[in-house]
Structure formats: structure tokens, C-alpha cells
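Please consider the chain shown below, first as a whole and then through one of its strands and one of its residues. The paragraphs that follow proceed in that order.

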Amino acid sequence: MYAVIRTGGKQYLVSPGEKLKIETTAHENGNIEFSDILAVSGEEGKFESDLTGAKVLASVVAHGRGEKILVFKLKRKKQYKKMQGHRQNFVEVKINEILVNGKSFKEA
């Protein structure tokens, strides 16, 4: 059982019980509901055709900041160089349940 969700401009393949790091999003009481579902598969090789009302429920496990990424710009022979660092904020979530067409898929 898995679903493909879209959040933070990226797509993730998720299944119940899985933990993943996503970009910081708004959540209330430590729970997040993803409603932008691209595909759901309940069995091997079969996809759900009707995704209206499909959603993925997750709970927040941790907050943090990713590894530092260095951005270095250089124009040779022009005496121009610029170094800049960036650390992206993230939220680690655990997928609890996938709901689609009245069926609920939870961690086994």
C-alpha cells in the first residue's frame, strides 16, 4: 500500500508507518493532513481511479534544519567571487493512515 503526495513543490512516495523529512509546513496539534494526492495503490500493480476525497494523515515527529549547502559564484579574471551558505528547515513526519474511497490503510 502506498500513495504519491505533493507538498513543498516536491512529490513523495509514502506508505503507512514510514518517516520522511519534508519542508516546513503549517500543522496543528502535531498533525498534518495531505490532500494533494497524485496516485494511490492498494494492491501490487493496481491504482485507484477515483481520488476525490483522498487524504494522507501524518503526525509530526521532529523539527530541524538540514545540512549546510555552500553556494559559490566565481567570475574568473574579473576578481569576483561570492560564497553563501544555506540550511533548509524541515519537519520530520510519520505517515499514520491513507484514506481513499472509504477505505483506510494503516500500518500493519
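From the N terminus on, the elements of the protein chain run β-β-β-β-β-β-β-β-β-β. The chain thus holds 10 strands and 0 helices in this model, which is a predicted one. Its radius of gyration is 19 Å, whereas the globule rule gives 13 Å for 108 residues; the value is well over that figure, so the chain is more spread out than a compact globule. Along the principal axes, the C-alpha atoms fill a box of roughly 65 × 30 × 20 Å.

The surface and the contacts of the protein chain may be considered next. Of the 108 residues, 27% count as buried. The exposed area is about 7700 Å², and carbon and sulfur atoms supply 47% of it. As for charge, the chain carries 19 positive and 13 negative charges, and the mean positions of these two sets are 20 Å apart. Among contacts between residues at least 6 apart in sequence, 61% join residues at least 24 apart.

Strand β9 offers a suitable path through the pairing of the strands. Residues 89-100 form β9, which pairs in the antiparallel sense with strand β3, residues 19-23, over 5 bridges. Within this pairing, Leu20 has Val93 of β9 as its bridge partner. Strand β9 is also joined to strand β6, residues 55-65, by 10 bridges, and these two strands run antiparallel. Here Lys94 of β9 is the bridge partner of Ser59.

A further partner of β9 is strand β10, residues 103-106; the two run antiparallel and are joined by 4 bridges. In this pairing, Ile98 stands opposite Phe105 of β10. Strands β9 and β10 form a hairpin with 2 residues between the strands, and in that hairpin Asn101 takes a positive phi near 50°.

The pairing of β3 with β9 leads to a single residue, Ile22, whose place is in strand β3. Is Ile22 buried or exposed? Its relative accessibility is 3%, and a residue counts as buried when this value is under 20%; Ile22 therefore counts as buried. Which residues does Ile22 touch, when those up to four places away in sequence are not counted? They are Thr7, Tyr12, Phe34, Asn89, Phe90, Val91 and Val93. Val93, in this list of contacts, is also the bridge partner of Leu20 in β9. With regard to Gln11, which lies 11 residues from Ile22 along the chain, the C-alpha atoms of the two are separated by 9.9 Å.

Conventions: Residues are numbered from 1 along each chain as its sequence is written. This is a predicted model: local features need pLDDT of at least 70, side-chain atom pairs count only at pLDDT 80 or more; totals for chains, interfaces and linings use all residues. Side-chain values use heavy atoms; hydrogens and water are left out. Two strands pair if DSSP finds at least two bridges between them. The radius of gyration is taken over C-alpha atoms; the globule rule is 2.2 Å times the number of residues to the power 0.38. Buried means under 20% relative accessible area, exposed over 50%, partly exposed in between (1.4 Å probe, protein chains only). Contact means heavy atoms within 4.5 Å. Accessible areas come from the Shrake-Rupley method with a 1.4 Å probe; for residues, only the protein chains shown count as cover. Lys and Arg count as positive and Asp and Glu as negative; His and the chain ends are not counted. The place of a charge is taken as NZ of Lys, CZ of Arg, CG of Asp or CD of Glu.
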